[in-house]
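Here is a note for a colleague who has not looked at this structure before. Please read it with the model open.

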Amino acid sequence: MGWLNFLERRFGRYAIPDLTWKILGLQICVYILGVINMEVYNILLLDPQRIMKGEIWRLFSFIIIPPYTDIQDVIWFFFTCYFVLLMGSSLEREWGYFRYNMFWMVGIVATTFFAFFVVRGPISNVFMGLSLFLAFATMFPEYMIYVLFILPVRVKYLGYFAALSQLIVFVNGDLSTRIGVVVALSNYLLFFGPEFYRLAKVRFQTEGQRKKFQEARPKRGPDYSFHECFVCKRTDVTNPELEFRVGADDHEYCMEHLKK
């Protein structure tokens, strides 16, 4: 991706290292604070009206809202944190600090656009997890996940299911819902879309060339033969019991007429 290479050369030194660890650490702190006072979540939400009144921190603070806010969900909260750490750290190692930072930044910008111009109200980081999971499933499709800690499933199949569910929502939803799906997948599509397009284009060209090749080949009817005697014109179709050899003159003969 040329645009990413350009940005990395210019701004790569400003990338935040180990971003997943930092986000999860802040989410754990917010979770603990939320147990004490639930109002902390409202202070962090991406709220366009509040932002316009000067609460600029909301443009970024919404990403540290934990996926679970109820104390009864503490087990699922820490399990989700572990899985996010696994996905994020793997992608960060594969892409490097800057590209992983950009993946999050694009998601933040897209979510902000959605909050300001579509929802026009408070919104959390619900979209960020989906794109992160799909990116992980694309980069590490063979990774095994144990659903309910029992059933082993390769992560690519869960990725197919997640993508299909979003496609169904997009097809059946209204305009705002469709925009929401696009926003949820914006950073994923920006990172992986060009490669998908290139692969689809190559496949389309390959299929076209194969079709042209098949059409250009001579049609083989029921009388088509591979072997034909240069003298008697008998073939392996008319006389399948015959054996054929190529003579010194490069012509093909049955054994009866093969020149000694």
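The points below cover helix contacts, some single residues and the aromatic side chains.

1. Status of the model. This is a predicted model. The values in this note are computed from it, and residues are numbered from 1 along the chain.

2. Helix 2 against helix 7. Helix 2 spans residues 19-36 and helix 7 spans residues 97-119. Their axes come within 10 Å and cross at roughly 45°. An angle from 35 to 65 degrees falls in neither the parallel nor the perpendicular class, and helix 2 and helix 7 are therefore oblique to each other. On the helix 2 side the contact is made by Leu-19, Thr-20 and Ile-23, and on the helix 7 side by Tyr-100, Asn-101 and Trp-104. Sorted by type, the residues of this contact are 4 nonpolar, 2 polar and no charged.

3. Thr-20. This residue belongs to helix 2. Its relative accessible area is 2%, and because buried means under 20%, Thr-20 is buried. Leaving out residues up to four places away in sequence, Thr-20 touches Val-84, Leu-85, Gly-88, Ser-89, Glu-92 and Tyr-100. Of these, Tyr-100 also appears in the contact of helix 2 with helix 7, while Gly-88 and Glu-92 take part in the contact of helix 6 with helix 7.

4. Leu-19. Leu-19 is also placed in helix 2. With a relative accessibility of 11%, Leu-19 counts as buried. Outside its neighbours within four places in sequence, Leu-19 is in contact with Glu-92, Tyr-100, Asn-101 and Trp-104. Trp-57 is 38 residues from Leu-19 along the chain, and the C-alpha atoms of the two are separated by 18 Å.

5. Helix 6 against helix 7. The axes of helix 6 and helix 7 come within 6 Å and cross at roughly 130°. That angle makes helix 6 oblique to helix 7. From helix 6, Gly-88, Leu-91, Glu-92 and Trp-95 meet Tyr-97, Arg-99, Tyr-100 and Phe-103 of helix 7. The residues of this contact divide into 5 nonpolar, 1 polar and 2 charged.

6. Asn-5 and Arg-99. Asn-5 lies in helix 1, which covers residues 2-11. At 31% relative accessibility Asn-5 counts as partly exposed. Asn-5 and Arg-99 are 94 residues apart in sequence, and their C-alpha atoms are 9.1 Å apart in space. Arg-99 is also one of the helix 7 residues in the contact with helix 6.

7. Aromatic pairs. How many aromatic pairs does a search of the whole structure find? The search finds 19. In one of them, the ring centres of Trp-95 and Phe-191 are 5.1 Å apart and the ring planes are at 40°, so this pair is tilted. The pair links distant parts of the chain: Trp-95 is in helix 6 (residues 74-95) and Phe-191 is in helix 10 (residues 175-216), 96 residues apart. Both Trp-95 and Phe-191 are buried.

8. The aromatic cluster. Trp-95 and Phe-191 belong to one aromatic cluster, together with Phe-103, Tyr-188, Phe-192 and Phe-196. Two of its members, Trp-95 and Phe-103, are also listed in the contact of helix 6 with helix 7.

9. A charge over a ring. Which residue has its charged end over the ring of Phe-170? That residue is Arg-178, whose charged end sits 5.7 Å from the centre of the ring.

Definitions and conventions. This is a predicted model: local features need pLDDT of at least 70, side-chain atom pairs count only at pLDDT 80 or more; totals for chains, interfaces and linings use all residues. Side-chain values use heavy atoms; hydrogens and water are left out. Rings of Phe, Tyr and Trp (its six-membered ring) pair if their centres lie within 6.5 Å; planes under 30 degrees apart count as stacked, over 60 as edge-to-face and the rest as tilted. Helices (H or I, at least four residues) and strands (E, at least two) are DSSP runs, numbered from the N terminus. Buried means under 20% relative accessible area, exposed over 50%, partly exposed in between (1.4 Å probe, protein chains only). A charge sits over a ring if NZ of Lys or CZ of Arg is within 6 Å of the ring centre and within 35 degrees of the ring normal. Axes are lines fitted to C-alpha atoms, for helices over the stretch in contact, and angles run from 0 to 180 degrees between N-to-C directions. Angles under 35 degrees count as roughly parallel, over 145 as roughly antiparallel, 65 to 115 as roughly perpendicular and the rest as oblique. Contact means heavy atoms within 4.5 Å. Ala, Val, Leu, Ile, Met, Phe, Trp, Tyr, Cys and Pro count as nonpolar, Asp, Glu, Lys and Arg as charged, and the others, Gly among them, as polar.
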